[in-house]
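Welcome, and please get your viewer ready. We will walk through some charged pairs, then look at how far the model can be trusted.

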Amino acid sequence: MNGKVIRNTGSLYVVRTPEGEVKCKVKGNFRIKGIRTTNPVAVGDEVEIGAPGPDGVAFITAVVPRRNYIIRRSINLSKSAHIIAANLDCALLVATLAHPTTSFTFIDRFLATAEAYAVPAILLINKIDLLDTPEDRELLDAVLYLYRSIGYQAIAVSAETGEGLDELRDMLRDKTTLFSGNSGVGKTTLINALIPGLDLRTGDISAAHDTGMHTTTFSELYDLPGGGEIIDTPGVRGFGVVEFNKEEVGHFFPEIFKLSHECRFGNCTHTHEPGCAVLAALEENRISQSRYNSYLSILEEATDGADEKYR
């Protein structure tokens, strides 16, 4: 019997099948060939399952080949990776410019990973009701302009007031969308606003550190009214990239990749080489300094050649 994984609690999976939802486990030695991760099965996976046992729990016997997935470095095992979700139409990053502030490095690492794994990305700036000074609004306009000029969809919303939610609903309709972001950016409040009656528990912001408290502890898929699905994931504090090859990092920054064809050397790292079109554009403010800094941070972590590919 086939079905889709709609919930992952770590030890148990819930699989939606034509006959209803089935609790499932994976055997300890279950692995997908060529992919070394902490979780061989992810929410969004299409799987094959056996017949449920006397306890009503079935075993997942196979994962149908994925069309894509989003992956990040595992928190507990720095050399391993964790698949966040699979079979996505888009990946939406919820960010905030205040209470808490999402770093541009975090945003760019997420977007670069989405590029690497061929998942279209949306940047959503939430809590715009808290941006009540002219300087705050100028920053919001600058951030939206930056990412839109690169080619990303970028939207500003307020889950509290409802501003921008109709536009967001149109973006998500009939798509399977990953929701990700730091703790405290209002992801859960946003999902509650999109799916009336869901009433997921929301958390508080730490007064001492202006950071969010984890309320979502596992990944789960929810159906959107009018068509489409959201995969909600636990909030993350950092986004570690996985096995990027040094020669590939620039490919995952669209504005850098576009200019790289004009560099004097084909293997230009865009750090020091003469005749580098990227460095020239940086000097002329045609490339954002924050984006370039994010590129350098990933380049510093990247390997000279991946021993094992994850994609």
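In this tour, buried means under 20% relative accessible area, exposed means over 50%, and partly exposed is anything in between (1.4 Å probe, protein chains only). You are looking at a predicted model, in which local features need pLDDT of at least 70 and side-chain atom pairs count only at pLDDT 80 or more, while totals for chains, interfaces and linings use all residues. Residues are numbered from 1 along each chain as its sequence is written, and side-chain values use heavy atoms, with hydrogens and water left out.

**First stop: K4 and E229**

Select E229, which is buried at a relative accessible area of 12%. Now add K4; this residue also counts as buried, with 18% relative accessibility. The two form a salt bridge (a side-chain nitrogen of Lys or Arg within 4 Å of a carboxyl oxygen of Asp or Glu), and their closest N and O atoms are 3.1 Å apart. K4 sits in strand β1 (residues 2-8) and E229 in strand β13 (residues 229-232), so this pair ties together parts that are 225 residues apart in sequence. Strands here are DSSP runs of E, at least two residues long, numbered from the N terminus.

**Next stop: D89 and R67**

Move on to D89 and R67, whose side chains meet in a salt bridge of 3.2 Å, N to O. D89 is in the loop between β7 (81-86) and β8 (90-96), and R67 is in the loop between β5 (57-63) and β6 (69-73), so the pair ties together parts that are 22 residues apart in sequence. Is each one buried or exposed? D89 is partly exposed at 29%, whereas R67 is exposed at 53%.

**Then: D170 and R173**

Select D170 and R173 and look for a salt bridge with its closest N and O atoms 2.9 Å apart. Both residues are partly exposed: D170 has a relative accessible area of 49%, and R173 has 41%.

**A network to display**

Show D108, E255 and R291 together, and you will find them linked in a network of salt bridges. How many salt bridges are there by this rule? The count comes to 12.

**Last stop: confidence**

Colour the chain by pLDDT, the predictor's confidence in each residue, from 0 to 100. The protein chain averages 87, and 85% of the residues score at least 70. Over residues 204-214, however, the pLDDT is below 50. Residues 305-311 also stay under 50. Where pLDDT is low, the predicted coordinates should not be read in detail.

Note on methods
Helices (H or I, at least four residues) and strands (E, at least two) are DSSP runs, numbered from the N terminus. Contact means heavy atoms within 4.5 Å.
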